[in-house]
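Good morning, colleagues. Please bring the sequence and the three-dimensional view up on your screens, and I shall walk you through them.

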Amino acid sequence: MEVVMFKGWTLFLLLVFCLWIPTEVVGRTGTTIANSTISSRPSVLRIGALFTFDSVIGRSAKAAIMAAVDDVNANTSILHGIKMEVIVHNTNCSGFLGTVEALQLMENEVVAAIGPQSSGIAHIISHVVNELHVPLLSFGATDPSLTSLQYPYFVRTTQSDYFQMYAIADFVDYYRWKEVIAIFVDDDNGRNGISVLGDALAKKRAKISYKAALLPKATNSDISDLLNGVNLMESRVYVLHVNPDSGLSIFSIAKKLGMMTSGYVWIATDWLPSVLDSVVAVDTDTLNLLQGVVAFRHHTPDTNLKKSFVNRLRNSKGKETASFNSYALYAYDSVWLAAYALDVFLKEGGIISFSSDPKLHDTNGSMLHLSSLRVFEGGPLFLQTLLRMNFTGLSGQIQFDMEKNLIRPAYDILNIGGFGTRRIGYWSNYSGLSVLAPEILYKKPPNTSTSNQQLHNVIWPGETTATPRGWVFPNNGKPLRIAVPYRVDYLEFVAKDKNPPGVKGYCIDVFEAAINLLPYAVPREYILFGHGDKNPSYDGLVNQVALNNFDAAVGDVTIVPNRTRILDFTQPYMESGLVVVVPVKEIRSSPWSFLKPFTAQMWCVTGAFFLFVGTVVWILEHRHNPEFRGKPTKQLATVFWVSLTLQPLFIIAYCVPLNRGL
């Protein structure tokens, strides 16, 4: 009986123990409650990576991301006992495929997504991560509009094109150019970047004279037609904001059209250095295409950490690219940013938990599997943890400002010439253009004054060091229409002439002399205003110019207030004949002229002060000084004498401080 009871208790205890162990294990590692997966300290953390594998940026980023994951797992001081895994998806430079890949990635319950490199795909994917509360750490999407409040879970781990466009505007202003032509790919990144450039140039009193948009997959014929069009325009300063995988073809066609010669200015955004930095040695043919081009590159400090990383990847086996651009550094730091933030998130009691979203359900017959998408419940808290991280990575200091931008944006300004590139200066929002590295300037007070802006000499297209003028008169431009009053009297000023240019006179001679002083040709034609039977209405002539029926007017047009309200006039080059008549009266000087400034009131005050001084002295002295005693007439005489004696001293004592104050 005891044996049976013992066996019964043993079975009961074993049953309780078996039920207790899974409960404890699940309590420590993971619990599934009401379609919610909870893990306070998981053994594996998964992050995603979205980029285009076969691209200039993607080939560099892939190797950097894999290296970063290996370094995180090998570091024992972070994510203690937790292994980080990365799930990589190829977006194929397609907004549609990128969205599909992002949805498939989110089925794996990732806590963060690295990428994408394309701003257009980032716009679409941001809606996905907003719904699932998964932070999107993008190392390549530079579109300025992505920092809006519409995309709270988008965290840019590279520099925004907002700062790059202001750097280009400062560069344009440095050389005193007033108009540029923007050539860009007509997608989200291109349009929004050029829009910021227009705002930045407007602050410098410059402008984009023409926006030349290219199709995302433009053919050589499309590019040739566009370049032929802009070549007929006035501006010769081109800002090229295109994709790194197809941008070199634009320079190839431009060279064939003769647009890489003297007088042209080509400014490329960071896409061009990304291409050049992705190869160990740029071939001669490519360098010949780019002679004289100025390009902007993300500035990353030349630290030992950066050099060690680049050398390690170059010497590693199975590498997909011979060298690495700045986007690879930002991709590497993005992985470490996620690792540091996850470590802090877990230490502060954060829980890795995913739950189903009731809004995500499959309709009848749907094969999208929306119900498999899970919401990261700790996403909002993890996002805040990411934004307050502060550490030094390969690309520099990783810290975000109030607008979720990396602090201290800076760019290298490169000039391509000869057999390679050379740095002609730097730009930072701290000190503007400078020949000193931003790390040096950060130790000094900020100074963005015009006198402090400096750059080394540039070798421009055509192998010239002379700064291009920046514009020419357009080949298809119309000549200026100059209105000339058709007078019947005072023909010495302006009159009709049978010989070219059809008019003559003193005003015409002055205007022609001014035109000849310009360093460029100005085609023009003179058009007579009036019928020639009587002098025309000058108010009507001014109104016609204001209505843009004429470009300018030359003649004896009087400057009056109502005309200056609608037109600008040159400075008068001959006397108007107006004089001011004033009466002239000769005034003879007198020895007593010094008394004229004193008014009667001033004389009264002086006399009262004279008596006051004498009275005060008498009150103080008559008790002890016998000179102030005696007959009233004697005392009165003494008072006047003392006042007369002391008055100059009081005047000097009063006037000396006033003179010192002046």
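I shall begin with the chain as a whole, and then turn to its strands, its cores and several individual residues.

Please keep in mind throughout that this is a predicted model. The chain contains 19 helices and 24 strands. It has 662 residues, and 43% of them count as buried. Its accessible surface is about 36100 Å², with 59% of that belonging to carbon and sulfur atoms. As for contacts with a separation of 6 or more, 68% are between residues 24 or more positions apart.

Let us turn to the strands, starting with β11, residues 265–268. Which way do its side chains point? Val 265 and Ile 267 point one way, while Trp 266 and Ala 268 point the other way. All of these residues are buried.

Strand β11 has a parallel partner in β10, residues 237–241, and 4 bridges join the two. Within that pairing, Ala 268 of β11 stands opposite Leu 240. Helix α8, residues 248–256, belongs with these two strands: β10, α8 and β11 together make a right-handed β-α-β unit. Strand β11 is also joined to β12, residues 294–298, by 2 bridges, and this pair again runs parallel. Here Ile 267 is the residue that stands opposite Val 294 in β12.

Further along the chain there is an open sheet of 3 strands, with parallel pairing, in the order β23-β20-β24. Its edge strands are β23, residues 524–529, and β24, residues 552–553, each of which pairs on one side only. Strand β20, residues 480–485, is joined to β24 by 2 bridges. Ala 552 in β24 is the bridge partner of Ile 482. As a general reminder, the strands of a sheet pair through backbone hydrogen bonds, in either a parallel or an antiparallel manner.

I move now to the interior. The largest nonpolar core holds 77 residues, and the members that touch the most others are Leu 79, Met 84, Met 106, Phe 139, Phe 309 and Val 335. Which helix supplies the largest share of this core? That is α12, residues 326–347, from which 15 of the core residues come. To take one member in detail, Phe 309 touches Ala 64, Ala 67, Leu 329, Tyr 332 and Leu 394, leaving aside residues up to four places away in sequence. There is also a second, separate core of 34 residues, and Phe 163, Phe 171, Val 196 and Tyr 411 are among them.

Helix α13, residues 379–387, deserves a look as well. Its buried residues are Gly 379, Phe 382, Leu 383, Thr 385, Leu 386 and Leu 387. The elements that cover them include β6, β7, α12 and β14.

Strand β14 brings us to Arg 374, which has its place there. Is Arg 374 buried or exposed? Arg 374 counts as buried because its relative accessible area is 14%, below the 20% cut-off. What does its side chain contact? One polar contact is with the side chain of Glu 109, at 3.2 Å, and another is with the side chain of Ser 356, at 2.7 Å.

By contrast in topic, Val 279 lies in a loop, the one between α9 and α10. With a relative accessible area of 38%, Val 279 is partly exposed. Its C-alpha atom is separated by 9.8 Å from that of Val 56, although the two residues are 223 residues apart along the chain.

Finally, some points of backbone geometry. Most peptide bonds are trans, and most residues other than glycine have a negative phi. Where does the model depart from trans? The peptide bond from Gly 115 to Pro 116 is cis, with omega near -5°, and Pro 116 sits in the loop between β5 and α4. Another cis peptide bond joins Pro 500 and Pro 501, with omega about 10°; Pro 501 is in the loop between β21 and β22.

Two residues have a positive phi without being glycine. Arg 176 has phi near 65° and is placed in the loop between α5 and β8. Arg 176 counts as exposed because its relative accessibility is 53%. Asn 548 has a phi of about 65° and lies in the loop between α16 and β24. At 65% relative accessibility, Asn 548 is likewise exposed.

Notes: Residues numbered from 1 in each chain as written. Predicted model: local features only at pLDDT ≥ 70, side-chain atom pairs only at ≥ 80, totals over all residues. Heavy atoms only, no water. Buried < 20%, exposed > 50% of the residue type's maximum accessible area, 1.4 Å probe, protein only. Helix = DSSP H or I, 4+ residues; strand = E, 2+ residues; numbered from the N terminus. Pairing = 2+ DSSP bridges. Right-handed = clockwise from strand over helix to strand, strands pointing away. Core = buried A, V, L, I, M, F, W, Y, C linked by side-chain atoms within 4.5 Å. Contact = heavy atoms within 4.5 Å. Polar contact = N/O pair within 3.5 Å; in protein donor to acceptor, adjacent residues only side chain to side chain. Areas by Shrake-Rupley, 256 points an atom, 1.4 Å probe, with all protein chains shown as cover.
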